[in-house]
Amino acid sequence: MTAHWPAPFSATPLDATVTIPASKSLTNRYLVLAAIADGESRLRAPLQSRDSDLMIGALRALGAGITEMPGAGDVPDLVVTPIPAGFTAPAGLTVDCGLAGTVMRFVPPLAALVSGAVKFDGDPAALVRPMAPIVAALEGLRVRVEDAEDGFLPFTVHGTGSVDGGHVQVDAGGSSQFISAILLVAARFNTPLHLEHVGESVPSVDHISMTVEVLRSLGVVVDDSTPLNWIVTPGPVAAFDVSLEQDLSNAGPFLAAALATRGTVRIPNWPSNTTQVGDKWREILPQFGATVTLEDGILTVTGGPEILGVDISDTSELAPSTAAIAALASTPSQLRGISHLRGHETDRLAALVAEINALGGNAVETEDGLIINPAPLHGGVFHSYHDHRMATAGAIIGLAVPGVEVENIATTAKTMPAFPAMWAAMVAQTAEPSSSADNASAVEAGA
Ligand SMILES: O=C(O)C1=C[C@@H](OP(=O)(O)O)[C@@H](O)[C@H](O)C1
Ligand SMILES: C=C(OP(=O)(O)O)C(=O)O
């Protein structure tokens, strides 16, 4: 059994500069689109992590050529040649989705565009994540999906090499990825796709906007003028050469560190214009009493003298970090509109309540989120549930509460394998202020 990770505690305010690896959501979208583009594409400084590795493995298995090439920095670029026309999946192919929502939702519609049977499987925790709407959408597009009656992985997609579009209804109340998945490949359908959401409200709508914006940037015509309806016109996906933005959602724990220690954390190269939901930290953190500035591309967050409670909706994948900050606040917080977190890497609402309360906190689950009341926290084990954002939530709390140990910190490899080293280096910058410039580059290198 791996030892628990003693979360670094900082009795003094941090003063640190951190650079974050590339966005998971952008890397995995661009990888899928490169696999169906009209020529060779290049991803510069992409994410290197378990989720991106799983996507690369899936796309290679489906016929795409993906090669590492030296990049401008430490991270190699990826050069992608698209899936050849008429590709047939090798007999017995199983795609390992791990625990990656972007792989288990985005790749099955792509498998429908090649010939042959492709089985999708994943980690034990992946086998309880909702998949029924993807299966229903594929079946609505007249794609045969085998063993999918229970609405979960594993199942097998029987592709015929082409998909006709048409009007498809999908209930994306459980995940925005059900919409993104179909939209991403729809330009390669034979006829226009009209995708319509039916059901309760769609979560994580920023991620759907990201999908639409990325598609448009590659010449795909998407009409989203009617709310909850998307029409995609068949046509080429233009081959591309993109530099990936850093992951602004994964910036969250580092920015939260400024609040947890009443210190300052700076992130250079913050994009001035982005589709990432993580840009919302600029709205969220001031509500907790932090000062946030964006000048010359440097995002600077300084924690206030105390953390104020918040009442906030639709934090999507930012919710675990937001809850961790709320657990350190001096007034109550309510997080709303995140019931779908029950279908993320784990049931995040139950997990956050269990782990915050195990440290002496006072968190309760509501129908659509969490209420977190102020309470003095103490040290103890913070369990991760194989969830990278649970692990980083434990790290945030551990900065302010001595004696927190995070179980399975290695699960951060899902989107940020260097997290433990980056976190230690961030804390070390403050411990040795005279060498802060050196430490800044160590953090940037993820050393
Ligand atoms: O499309 C994407 O890249 C994502 C969409 C969101 O999923 P949900 O809509 O299931 O929240 C988000 O939480 C996930 O981390 C990434
Ligand atoms: C929900 C998340 O991931 P996934 O892409 O696996 O859905 C997440 O990263 O917070």
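Helix axes are lines fitted to C-alpha atoms over the stretch in contact, and the angle between two axes is taken between their N-to-C directions. The exercises below apply to a predicted model.

**Exercise 1. Describe the packing of α4 against α5, and state which classes of residue make the contact.**

Solution. Begin with the geometry: the axes of helix α4 (residues 132-140) and α5 come within 9 Å and cross at roughly 35 degrees, and the crossing of this pair is right-handed. Next, list the residues on each side, which are Pro133, Ile134 and Ala137 from α4 and Phe178, Ala181 and Ile182 from α5. Finally, sort them by class: the contact of α4 with α5 has six nonpolar residues, with no polar and no charged ones.

**Exercise 2. Determine how α5 is oriented relative to α6, and name the residues through which the two helices meet.**

Solution. The axes of α5 and helix α6 (residues 205-217) lie 9 Å apart, at an angle of about 10 degrees. Angles under 35 degrees count as roughly parallel, and α5 and α6 are therefore roughly parallel to each other. On the α5 side the contact involves Ile179, Ser180, Leu183 and Leu184, which meet His207, Ile208, Thr211, Val212 and Leu215 of α6. By class, this contact of α5 with α6 comprises six nonpolar and three polar residues, and no charged ones.

**Exercise 3. Carry out the corresponding analysis for α1 and α3, including the handedness of their crossing.**

Solution. Helix α1 (residues 24-35) and helix α3 (residues 101-111) pack with axes 11 Å apart and an angle of about 15 degrees, which makes α1 roughly parallel to α3. Their crossing is right-handed. The contact is formed by Lys24, Ser25, Asn28, Val32 and Ala35 on α1, together with Thr102, Phe106 and Leu110 on α3. In terms of class, the contact of α1 with α3 divides into four nonpolar residues, three polar residues and one charged residue.

**Exercise 4. Describe the division of the chain into domains and the contact between them.**

Solution. The domain assignment gives domain 1 (5-21 + 246-444) and domain 2 (24-243). The centres of domain 1 and domain 2, taken over C-alpha atoms, are separated by 30 Å. Their contact takes 16 residues from domain 1 and 21 residues from domain 2. On the side of domain 1 that touches domain 2, the residues divide into five nonpolar, eight polar and three charged.

**Exercise 5. Establish where ligand 2 lies relative to the two domains, and then characterise the shell around ligand 1.**

Solution. For ligand 2, the surrounding residues are Ala100, Gly101, Thr102, Glu317, His344, Glu345 and Arg389. By class, this shell around ligand 2 has one nonpolar, three polar and three charged residues. Both domain 1 (5-21 + 246-444) and domain 2 (24-243) give residues to the shell, so ligand 2 lies between them.

For ligand 1, the shell consists of 13 residues, of which the closest are Ser25, Ser175, Ser176, Ser204 and Glu317. The shell around ligand 1 has 11 polar residues, one nonpolar residue and one charged residue. Each of α3 and α5 (177-186) supplies at least two residues of this shell, and each of domain 1 and domain 2 contributes at least three.

**Exercise 6. Identify what is notable in the backbone at Pro154 and at Ser204, and place each residue in its loop.**

Solution. Most residues other than glycine have a negative phi, and most peptide bonds are trans. Leu153 and Pro154, however, are joined by a cis peptide bond, with omega about -5 degrees, and Pro154 is found in the loop between β8 (144-146) and β9 (155-160). Ser204, a residue other than glycine, has a positive phi, near 50 degrees, and lies in the loop between β11 (193-197) and α6. Ser204 is also one of the closest residues to ligand 1.

Terms used: Residues numbered from 1 in each chain as written. Chains lettered and ligands numbered in written order. Predicted model: local features only at pLDDT ≥ 70, side-chain atom pairs only at ≥ 80, totals over all residues. Near = placed C-beta within 6 Å. Nonpolar A, V, L, I, M, F, W, Y, C, P; charged D, E, K, R; others polar. Domains from an automatic or database assignment. Axes fitted to C-alpha atoms, helices over the stretch in contact; angles between N-to-C directions. Helix = DSSP H or I, 4+ residues; strand = E, 2+ residues; numbered from the N terminus. Parallel < 35°, antiparallel > 145°, perpendicular 65-115°, else oblique. Left-handed = near helix turned anticlockwise from the far one by under 90°. Contact = placed C-beta atoms within 7 Å.
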